[in-house]
Protein chains: 2
Amino acid sequence: MNASTSSQILTAPALYEQVAERLRARIFAHELPPGGWIDEQALTQEYGISRTPLREALKVLAAEGLVVLKPRRGCYVTLLSEKDIDEVFPVMAVLEGKVAEEAARRITSAEFSRLAAIHEDLEQQAAANNADRFFEANQRFHKALQEIAGNSYLAHLIDDARKVIKLTRRDSLRLDGRLIQSLTEHREILEALQLKDPALAGQRMHDHLLSGRAALARLAVSP
Amino acid sequence: MNASTSSQILTAPALYEQVAERLRARIFAHELPPGGWIDEQALTQEYGISRTPLREALKVLAAEGLVVLKPRRGCYVTLLSEKDIDEVFPVMAVLEGKVAEEAARRITSAEFSRLAAIHEDLEQQAAANNADRFFEANQRFHKALQEIAGNSYLAHLIDDARKVIKLTRRDSLRLDGRLIQSLTEHREILEALQLKDPALAGQRMHDHLLSGRAALARLAVSP
DNA sequence: ATTCATAATTATGGATGCAGTATCATGCAA
DNA sequence: TTGCATGATACTGCATCCATAATTATGAAT
């Protein structure tokens, strides 16, 4: 499965991978707007490459759900409907819940200290009301938890789901009061981890994600 | 997201999709053995196509986890380790559990009748000790439940996970007594669905999947 | 003026060609 | 005989080219 991790990569990533990465960034930045058509020719000129690696990159992005390939009609940036979001979030909640559950089972005191340190950072960013840095620390927190859970397949699914969610520019953390609420929830999750209570940790993480979805719903559709 | 479903497909699938489908079949049949190298040139000759659509198909399969692309070294059929299987099954259990839970919430009496009919088929195949047809009916059962749950994203993840699991040729249903046990578990799931008890249905489906993993573990590594 | 048919243009999908690198074999030296 | 170096072979990755289908533009007829 993860044969790519077993053979350490010293070689430069293939061109189509680099292109895929750059396209992801542009999609998340909404520089390529959701629903928008992707002009292959323009991109090949811009990047100074041929269409072959670009098309391969688009296949990869399509598999990730970031773009949609319409046969004979081109490639379009995925446009998420409200229904789509309502489908992805519950799944995300279940997956993240599983991560927290498993992490609670396996967490060592050293790992807990590391998590607590990240949480400290969260507290500070929240105090400073810095949504960007809070978001970044939040990512680190969830990433660390994934490592502790030790299930790379599960982590991979979550990463993909998170990519899809990132297609919507809306950011619930910018909602007034959401930072504090998110922080409180994190604190409770951390507590469950300290208690090494898998069921509780899983439940709280699950609810935390759904709480994020609810916050998102409270935002206007386009900022 | 599912813009492909909104525009009904009257057009023939692209060549790379057809190729991907044929390759999947050959991988599942272990005609292309796990760990084995995929000879692009041989396949292009065999299929009478060029390398372009073939390579695009391989990108898709790589995203599904069926093959691994090693830069400058070619493409290899994914070789699952026991650890990989232990990672995928718990995730599968959680996802299928979520499906059952959601289905229990939404199921109508008509839908229940349809499920019950499929279950009847399962009973008969089990009585006839026909593992192949049991397997097929089993697929229909889970597919039907996915439709009732009504979360296409969730369904998609499960489909992908199932593909990965199919990489191992081992089939727990062939294990002596597993057919009966699986049937019993299905019966209990059905009961929970009739009771419209989401938590119970989810729990039982979850355990059902883990039970399948345990059965698999009891099999010899390679038949 | 509007609508439909037809032609021109453009973009997608697939085939082919070529450069660079990894693998394998052969040979030389220790 | 074993280890390493060097050259030959072959395959991957990217670029270019071509055919076909879709879209748009143009013009005619109602």
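This tour of a predicted model visits the surface near DNA strand C, a cavity in chain B and one buried glutamate.

**DNA strand C.** Begin by selecting DNA strand C and the 17 residues around it, of which A:R51, A:R72, B:L15, B:S50 and B:R73 come nearest. Of the strand atoms that come within 4 Å of the protein, 51% belong to sugar and phosphate. The surrounding residues comprise seven charged, six nonpolar and four polar. Next, display α3 (40-47) and α4 (51-64) of chain A with α4 (51-64) of chain B, each of which supplies at least two residues of this surface. The most, three residues, come from α4(B).

**Individual contacts to the strand.** Select B:S50, where a side-chain N or O atom is 2.6 Å from a phosphate oxygen of DNA strand C. Move to A:W37, which has a polar side-chain atom 3.1 Å from a phosphate oxygen of the strand. At A:R55, by contrast, the partner is a base nitrogen, 3.0 Å from an N or O atom of the side chain.

**The cavity.** Turn to the one cavity of 30 Å³ or more in the structure; its volume is about 30 Å³. Select its lining: B:L80, B:I85, B:V88, B:F89, B:V164, B:I165 and B:T168. Helices α5 (82-106) and α8 (152-165) of chain B each give two or more residues to this lining, with α5(B) providing the largest share, three residues. Six lining residues are nonpolar, one is polar and none is charged.

**B:E185.** Finally, select B:E185 in helix α9 (residues 178-194) of chain B. This residue counts as buried because its relative accessibility is 12%, under the 20% cut-off. Beyond residues up to four places away in sequence, B:E185 touches B:R178, B:H208 and B:S211.

Key: Residues are numbered from 1 along each chain as its sequence is written. Chains are lettered from A and ligands numbered from 1 in the order in which they are written. This is a predicted model: local features need pLDDT of at least 70, side-chain atom pairs count only at pLDDT 80 or more; totals for chains, interfaces and linings use all residues. Side-chain values use heavy atoms; hydrogens and water are left out. Helices (H or I, at least four residues) and strands (E, at least two) are DSSP runs, numbered from the N terminus. Buried means under 20% relative accessible area, exposed over 50%, partly exposed in between (1.4 Å probe, protein chains only). Contact means heavy atoms within 4.5 Å. On a 1 Å grid over the protein atoms alone, a cavity is a set of points where a 1.4 Å probe fits but cannot get out, and a pocket is an open set with protein on both sides within 12 Å along at least five of seven lines; lining residues have an atom within 4 Å of a point. Grid points are joined across faces, edges and corners, and a volume is the space filled by probe spheres set on the points. Ala, Val, Leu, Ile, Met, Phe, Trp, Tyr, Cys and Pro count as nonpolar, Asp, Glu, Lys and Arg as charged, and the others, Gly among them, as polar. A residue is near a molecule or strand if one of its heavy atoms lies within 4 Å of it. A polar contact is a pair of N or O atoms within 3.5 Å; within protein, one must be able to donate a hydrogen and the other to accept it, and residues adjacent in sequence count only if both atoms are side-chain atoms.
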